[in-house]
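Ready to practise reading a protein model? Grab a pencil, open the viewer and work through the exercises below.

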Amino acid sequence: MSEQTFRDAVEELLLERGWSQRELAAAVGVDPAHISRLLKRGSRLRATPQLMARIACAFGVEPEYFAEYREW
């Protein structure tokens with residue numbers, strides 16, 4: 001489990017897997033602009049628990065990997 005913010009954890013997973021934000025968006029079925037807004041520093045937009053779960057599945061981790069998911 002990560003203690004990083006959702007943004008930091010997703011960015012780290014993207015780097016580890018060599019994925020772009022566009023590839024992640026395609027894997028979870030959302031617009032690439034939505035992923036971009038979620039990961040933008042200073043953005044108040046938050047991922048829903050459902051989207052966090054889809055992102056976790058795409059990365060092959062449990063949703064609880066994301067600290068914010070565990071807070072829901």
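Here come four exercises, each with a worked solution.

Before you start, note that this is a predicted model: local features need pLDDT of at least 70, side-chain atom pairs count only at pLDDT 80 or more, and totals for chains, interfaces and linings use all residues. Residues are numbered from 1 along each chain as its sequence is written, and side-chain values use heavy atoms, with hydrogens and water left out.

**Exercise 1. The core**

Find out which elements give two or more residues to the largest nonpolar core.

*Solution.* Start with the terms. A nonpolar core is a set of buried Ala, Val, Leu, Ile, Met, Phe, Trp, Tyr and Cys residues joined through side-chain atoms within 4.5 Å. Buried means under 20% relative accessible area, exposed means over 50%, and partly exposed is in between (1.4 Å probe, protein chains only). Helices are DSSP runs (H or I, at least four residues), numbered from the N terminus.

Next, look at the core itself: the largest one has 20 residues, and Phe6, Val10, Leu24, Ile35, Ile55, Phe59 and Phe66 have the most contacts inside it. The elements you want are H1 (6-17), H2 (21-28), H3 (32-39) and H4 (49-59).

Now zoom in on Ile35. Not counting residues up to four places away in sequence, Ile35 touches Gln21, Leu24, Ala25, Val28, Val30 and Ile55, where contact means heavy atoms within 4.5 Å.

**Exercise 2. Two sides of a helix**

Work out how the buried residues of H4 are arranged around its axis.

*Solution.* First list them: Leu51, Met52, Ile55, Ala56 and Phe59. Looking down the axis of H4, you'll see these buried residues within an arc of 140 degrees, so they line one face of the helix. (The arc is that of the directions from the helix axis to the C-beta atoms.) Here's the handy rule: an α-helix has 3.6 residues a turn, so residues three or four places apart point the same way.

Then check the face turned away from the buried side: Gln50 and Cys57 are exposed there. Finally, ask what covers the buried residues of H4; the cover includes H1, H2, H3 and H5.

**Exercise 3. Buried charges**

Which side chain of opposite charge is nearest to Glu68, and which to Arg7?

*Solution.* Lys and Arg count as positive, Asp and Glu as negative, while His and the chain ends are not counted. A salt bridge needs a side-chain nitrogen of Lys or Arg within 4 Å of a carboxyl oxygen of Asp or Glu.

Take Glu68 in H5 (residues 67-71). Glu68 is buried without a salt bridge, and Arg46 is the nearest opposite charge, 5.7 Å away. The side chain of Glu68 does reach the backbone nitrogen of Phe6, at 2.9 Å.

Now try Arg7, which sits in H1. Arg7 is also buried with no salt bridge; its nearest opposite charge is Glu68, 6.2 Å away. A polar atom of the Arg7 side chain lies 3.2 Å from the backbone oxygen of Lys40.

**Exercise 4. Salt bridges**

How many salt bridges does the structure hold?

*Solution.* The count is four. One of them joins Arg70 and Glu3, with the closest N and O atoms 2.9 Å apart. Arg70 lies in H5 and Glu3 in the segment before H1, so this pair ties together parts 67 residues apart in sequence.

Another pairs Asp8 with Arg41 (2.7 Å, N to O). Asp8 lies in H1 and Arg41 in the loop between H3 and H4, so here the parts tied together are 33 residues apart in sequence. To finish, spot the network of salt bridges linking Asp8, Glu11 and Arg41.

How values were computed:
Polar contact = N/O pair within 3.5 Å; in protein donor to acceptor, adjacent residues only side chain to side chain.
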